[in-house]
Each structure stands twice: as structure tokens, then as C-alpha cells.
Amino acid sequence: MVDATQEIDTDIPPAEVPELELYHPKSWWTTYVFSQDAKIIALQYSGTAFAIGLVALVLSWLIRLQLGFPGLVDFITPEAYYQIVTMHGMIMVVYLLTALFLGGFGNYLIPLMVGARDMVFPYVNMLSYWIYLLAVLVLVASFFAPGGPTGAGWTLYPPQAILGGTPGGQQAGILLMLASLMLFIIGFTMGGLNYVVTILQGRTRGMTLMRMPLTLWGIFTATVMALLAFPALFVACVMMMFDRVLGTSFFMPALVEMGEQLKYGGGSPILFQHLFWFFGHPEVYIVALPAFGIVSDLISVHARKNIFGYRMMVWAIVIIGALSFVVWAHHMYVSGMDPRFGFFFATTTLVIAVPTALKVYNWILTLWRGDIHLRLPMLFALAFIVTFLNGGLTGLFLGNVVVDVPLSDTMFVVAHFHMVMGVAPILVIFGAIYHWYPKITGRMLDEKMGRFHFWVTFVGAYAIFFPMHYVGLVGVPRRYVELGDPAFVTTPVHGLNAFITVAALVVGFAQLVFLFNIVWSLRHGRPSGGNPWGAASLEWQTPETPPGHGNWGRELPIVYRWAYDYSVPGAPRDFIAQDDPWPQPPARPS
Amino acid sequence: MSVILVFLVVVIGFAGWWLAHQRLLSKPWLEVGPDPLGGPRPTGMPTEKIALGIFLAVVGALFALFASAYFMRMEFADWRPIPIPRIVWLNTGVLVLASVALECALAADRQHDRGSLRLSLAAGAVATVTFLGGQLVAWRDLAASGYLVTGNPANSFFYLLTGLHGLHILGGLVALARATPAAWGTGDARGLRLRLELCVAYWHFLLFVWLCLLVLFTGWATGFVNICRGFLT
């Protein structure tokens, strides 16, 4: 909260805005298709991510139908099941969550929140999207390739990923997957450079790093992490491609398949796991950090209170980002690696819980005695906190070697990572869309449909994943196409599996309502005005809603304060916008 | 994974040093007024240079990860080091010359010496293309001697890493080709200095990467990495 009596600098020169150096589109194609405007690119990223996300949603239904009612769907053979699981996992983690948080929200919010007209390299930004789209198309092409997509599991572990016994292993499936991932990484690197450099260099006058909304800190740190972590996946993909196409033995040990000695020899599957998880664990935080940032802003705006412990929140984001690079091998406790490493990685895993818990405390303290408005973004933000806490706590269990070893191959792990990395970030995505949709379109999303969507999603997610923890605890293994009645599962779980499936179908249906709401509200939504939530951060202060090309009219805004001045005593409104010079300087003698 | 961890320590150390200068201890909730630190160009450095610096960090991470994989893979019993063809040493000298030539081009541009600028640029480009040609000859010599890409993981790494390094050099040549016409008066003369600076930085970086790869292929780094690994484990 700001001291309203504080003197402010009255000698503020006018914003020195150079001649607009923006690219100005000259046709419909360059305005809406091959656009260099970050806002259009953000919508393109989001639309593509949602489209491929819908595919992954349908795949999740098929997975659950098979697990809940084995044999009900004819075409789900064991091979098809593994293909469906693989594509569901990879699409959700990489092509939906990463693309949506960084390509979607990053593109839309960074220029607006820092007070810039656009990204610093708009052409490269445009290329980033088109390469992402190409990556998605290559991925989708694998559904239609001979043999279908790869069924290697989303971790693509060798040697099985490129063997004949795995769906797509000796056909085009695995090649298309590897090619798609490499394209995605190249496209992301182009976009990521833009996000980082725009935050470093594109900030308007007065926008210091420590005045940036936490959303930007989350996106900034996550992007830096992604730029350093995705090369690990790239390296793994290139080397696996060599193994598969040229017959090298980077990862492939000596093997006999169907009585035939293969050409491989001496390779190390563990090496692939190290590379994969060196990317894979930071990836969790690449998705989580933007979610942390966004949820901080949603809570502050809708509780009409400044964020508690802003500095600590920034430091926590940075520390989590750095620590996330030294925890990767906790995914490999059962891989046969040197057990002494387990102690080190268990320790770092537990240490990373400290800054994460600090953030949770700060969210709760922000809510405490706030003027809480239970509007849709706030509902989703609250749901996120609870869900992330649940997922985080089971993460602490699994971070310990002795607990992880028996649970590692059970549905408990599936429930854990879906709570912490699936449901929690997706709740934030929904909250963020309900929050920023009015800025993007000038209209509000329908409240009734939104509340239906929230409650079904929130309660439904728990109906799916709470029982799944239990199913895992009683020993049900993951990756089984059909459980049957094995001797090692002594508690009957078929009823629970069927219940989870029904819940998953209902939750999936609620997402269709959400998508309908997005489309319906474009025309029929209530006009929102420029700042319907009374938010203080810069993106809500644009002269036009939706923001026009160049965002800010003739002059760039000047930033006078941080983004969290809510309920300031003596202020004329319950928020003070970042570009508001209040208290007004006294008139100067002529 | 020792190499990538050491690389990350350097990157995170630099990031920490930079963040320490960003007033992270300030209390933004008490500060009102346009802050002099937060201008449109907070660092005063050209945006393109910062972008190149970050891009080089990404490329550095890529090669550090390959180096990590190299050291992990070489521990297995089937590893047989690949002999380094003589022409590789010549290629190394040529790449050093390319870097020096571009540095001379930059110096000539600063002194507004158009003749030297053109000569140096041409020399840099020719040397770089010669390097790439030389690498292809090295591949041919190795293949002729029976060191094929699938023969041994050491061979596979040699072909893969030299190829990847060559691709990055090719990308640099495209950037150089876009900068060069200005030296002959047919392109964007205003941006020539900046483009030259970017090219020089990129060439020096790729020379550094190549020297690291050479240390890797010759086995000179093995002892050092063993020390690092002992320290980390």
C-alpha cells in the first residue's frame, strides 16, 4: 500500500515516443493470418493449442473408457491404447500447456503489461507461431501414417520406443513425433527469445522489473528455464533419430528381437532418461511458474488487496526456477541409477518445496481480510491453490526414494501428476481466460455457463483424481491396458474405475460448455468496458478495448507505481492504476 | 551431466549477478513516480546484442548437453576413440583466421576504411566456407578409412557434433551475407556496424565451441571432467 502523502516527482518530461516503427499490415492476410502483431499471434497460438487440446481431451475419454469399461470400445486394442496414452500425454504437456502459457498468454500480456507496442522482433515472433503450427500438423499427421502414432509413452524411453514391438516404433510414428518435437523446440526458441528480450528491453518509462506484475515474472522465468531446458529434449530427439534412422547406438543396447540379433550394441537407455528428465522436470515449472504468477494477480485483483510479500514472491519464482534444474533424477529412482544419487535428489526435491510453500502462504495471506469477490477468476484461483497444495503434498511423498519405489509404477503417480501439472495449471488457464477475455474481446463471458463450468470442473476433477490416488495405493499399476483380477490387487477397484470414467466424461462435457461460452459471448456477451474488474496493472489501461494495433495510441504510458495498489486509504477509487500519477502534483506557479 | 551442470552454474551465476543489480531489494509498494531505471532501453545496450547473447546461451546449453552425453556414453566398454584427421587441424586454423578477419573488418569499419573492410569481410567469408569444405573433406577421409557413422559411438558423436557445428556456421554465413552488401554500398549502411558486431560475436563463439569440441574429440578434457564428476558426486 502506498503512502498517499508522499511527495512525487513533478518534473516528468512527456513520454518521448519515437515515430512508430511497427510493421503495419497492408492486407487481410497480413492482418489476420501472417500477422506480426503479438495479440493476433497470441490468439493463433491459443486457438491451435485449444484445437489440439480437444484432441487430447477426446483421447483421455478413450483411455478412461478402456480402464472403466474394458472392451467397450472395439478399436481400443492394446496397441491403440498405448498410442492413445502417448499422444494424450505429449499433447497436453507440450503442445497445450507450454504453448498456451508462453505462446498464448505470453504473447498477449507481455507487450501490454510492460507498456510496449509489440514484441521486439515481430517477424521472428510470427515465424515462431507458424513453426509451432507445423509441429502440431506433423504430430497430427502421425495419426494418419501407416502404423499410426508412436505408442512409446510420452517419455519415449528407448530401447522400446524404436523397436518393432512398440506401435510406430519401426514405422513413421516415432519419426513424426521426434520431428514434431524438434520443430516445436525451434519455434519455441524463436518465441522465447522475444518474450525475454521484450521484458528486458521493451519496458516503458517507469516500469522497473520490481514493478512488473507477478504474471510477467512467472512468464519471464519460465521462458528462461524453457530456453535452457528444451535443448535437452532436442539433444535426446536428435540422438534417438540417429539411432532409429542411421542405426547408431547412442541409447540402444545390444538386443535380440524375435530371435534376431539387432544391429545395435552398447548404448545407454539411462542416458536418454537423464536427458529427457533434465528437460522434463523443469517443464513442470515451465508450466507452473506462469500459473503462479497469474494466480497471484487474480487473487490480488479480486480480493482488492495488494499481493502479500511481493518481493518474496519474485525471489521465490527465481529460486524455484534455478532449483528445478537439480531435481530431475527424482523421476529415475527406479531406473537403476546409482542409489547414492537418490539421497541428493530427494533432498533438492524437498528443498524446492520451501519457496513453493512460501508462495502458497503468501496467497493465503493476501486473501486474509481481503474484500474477496467470488467472481469466476477468483473461484478458479482458489481452486488452483487447493489443487496445487494437494498435488504438491503427494509430490513430497514421491520425492522420497523409499516411498517412490513401491508407488512409482502405480496409478498414484498418475493421480499426483495430473493434480499438480494437469488440473492445477488448467484451472489457472480457465481463471485467466475469464479474467482477460473482456480485455481481448470487449465482452464478458456468460456468468451462468461459467459457474456451471467451474463447479463441474472443480468437483469433477476431484471425483476423478482422489479415487485414483486410492486405486494406486492399493497397488493398481499404471500403463496396463486392462487390469483383470490380478492377485496383487486384493481390494476390488472395478467400481471405482467405472466411477472415475463417468466423472471424466462429465468433466469433459463441461469443457465443451466452456468452449461454447467463448464463442457465444463473442456476440452475445455483456459489453465489458475497458477495465471491468477495476484492475491496476497496465494492460487494463489501454485507450481502446480490445487494444488496437500498437496498443497505446500516440504516446506510450508512463508507469508511476507497482501493479498492486488496491484499497489505498484516501484514494478516489479502490485501485490506483499503474499509469495514474495520483496524488496529483500541485499546480506549478507560472 | 557434469558439463551441463557446470554450464548452468555459469549461466545462473551471471543471471544472479545481473539480478543483483536490478534493485530486487527495493520496496515497490513505497515508491511512486517514474523510476529513472525503467526507461524504454533499460540497459542501454542494443536489443539485438542482448538477443544474440541469450541465443548463444541456448546454443551453449545445446552443445554442453551433447558434451554431457558424450562423456556419459564414453564410459561404456564399446567406446573406441576416433582418430582426428590432420585436415581438422588445418580447418581449425582457418576458422581462427575467419574470426580474426571479421574482427579486422569491424576495426576497419570503425576507422571508416572501406577498402580494408571489404577485404576483411571477403577474407572472413572465404575462410569460413573453406572451413566447412575442410570439414566435409575430414568426413570423407574418415569414411574412406572405415570410420563410418554407425561404426562406433565415438564416430557417431564426431559426425553429429561436427555436422551440428557446421549448420550453425552456415546460419552465421546467411547473417553475414545479409550484412555484407552494405559494405559495397548496396544495403542498409546504418545497420552495418551493429550487424558486424553481431557476426563477430557469433564467429568468436562458434570458434570457442569448436575448440571445446576439439578438446572433447582428442580426449584432452577427460581428466578435467573426471575431476568435476568426482567433485559433483
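**Notebook: a look at chains A and B**

I started with chain B and counted 7 helices and 0 strands. I am working from a predicted model, and I keep that in mind throughout. Reading chain B from the N terminus, I wrote down the order of elements as α-α-α-α-α-α-α.

Next I checked the dimensions of chain B. Along the principal axes, its C-alpha atoms fill a box of roughly 70 × 55 × 20 Å. I then looked up burial: of the 233 residues in chain B, 34% are buried. For contacts with a separation of 6 or more in chain B, I noted that 78% join residues 24 or more positions apart.

**What the record says about chain B**

I looked up chain B in UniProt. The unreviewed entry gives "transmembrane region" at residues 50-72, 119-137, 157-177 and 198-221. I followed up two of these spans in the model. Residues 50-72 of chain B are 100% helix and 0% strand, with end C-alpha atoms 33 Å apart. Residues 157-177 of chain B are also 100% helix and 0% strand, and here the end C-alpha atoms are 30 Å apart.

**Where the chains touch**

How many residues of chain A are in contact with chain B? I found 56 residues of chain A in contact with 45 residues of chain B. On the chain A side, helices H5 (172-201), H6 (214-245), H7 (269-302) and H8 (310-323) each supply at least two residues. H6(A) gives the largest share of that side, with 8 residues. I sorted the chain A side by class as well: 36 residues are nonpolar, 14 polar and 6 charged.

**Chain A in the record**

For chain A, the UniProt entry, again unreviewed, places "domain: Cytochrome oxidase subunit I profile" at residues 23-560. In the model, residues 23-560 of chain A are 66% helix and 1% strand. The end C-alpha atoms of that stretch are 29 Å apart.

**Helix H12 and its partner**

I then turned to helix H12 of chain A, residues 411-441, and found a kink of about 40 degrees centred on A:His418. Is H12(A) mostly covered or mostly open? It is mostly covered, since the count shows 26 of its 31 residues buried. Just after H12(A), I came to A:Gly442, which has a positive phi of about 85 degrees.

I compared the axis of H12(A) with that of helix H13 of chain A, residues 447-473. The two axes come within 8 Å and cross at roughly 170 degrees. An angle over 145 degrees counts as roughly antiparallel, so that is how H12(A) and H13(A) run relative to each other.

I listed the residues that meet between these helices. From H12(A) they include A:His418, the centre of the kink, along with A:Met411, A:Phe412 and A:Tyr434. From H13(A) they include A:Gly450, A:Phe465, A:His469 and A:Leu473. By class, this contact has 13 nonpolar and 4 polar residues, and no charged ones.

**One loop residue**

Last, I picked out A:Thr155, in the loop between helix H4 (122-144) and H5 of chain A. Why is A:Thr155 classed as partly exposed? I found 15 other C-beta atoms within 10 Å of A:Thr155. A residue needs 20 or more to be buried and 12 or fewer to be exposed, so a value in between counts as partly exposed.

I also looked at A:Thr155 together with A:Met90. These two are 65 residues apart in sequence, while their C-alpha atoms are 8.2 Å apart in space.

Note on methods:
Residues are numbered from 1 along each chain as its sequence is written. Chains are lettered from A and ligands numbered from 1 in the order in which they are written. This is a predicted model: local features need pLDDT of at least 70, side-chain atom pairs count only at pLDDT 80 or more; totals for chains, interfaces and linings use all residues. The bend at a residue is the angle between axes fitted to the seven residues ending there and the seven starting there. Helices (H or I, at least four residues) and strands (E, at least two) are DSSP runs, numbered from the N terminus. Two residues are in contact if their C-beta atoms, placed from the backbone, lie within 7 Å. Ala, Val, Leu, Ile, Met, Phe, Trp, Tyr, Cys and Pro count as nonpolar, Asp, Glu, Lys and Arg as charged, and the others, Gly among them, as polar. UniProt positions are given in the numbering used here, feature names are shortened, and annotations may be inferred rather than shown by experiment. Axes are lines fitted to C-alpha atoms, for helices over the stretch in contact, and angles run from 0 to 180 degrees between N-to-C directions. Angles under 35 degrees count as roughly parallel, over 145 as roughly antiparallel, 65 to 115 as roughly perpendicular and the rest as oblique.
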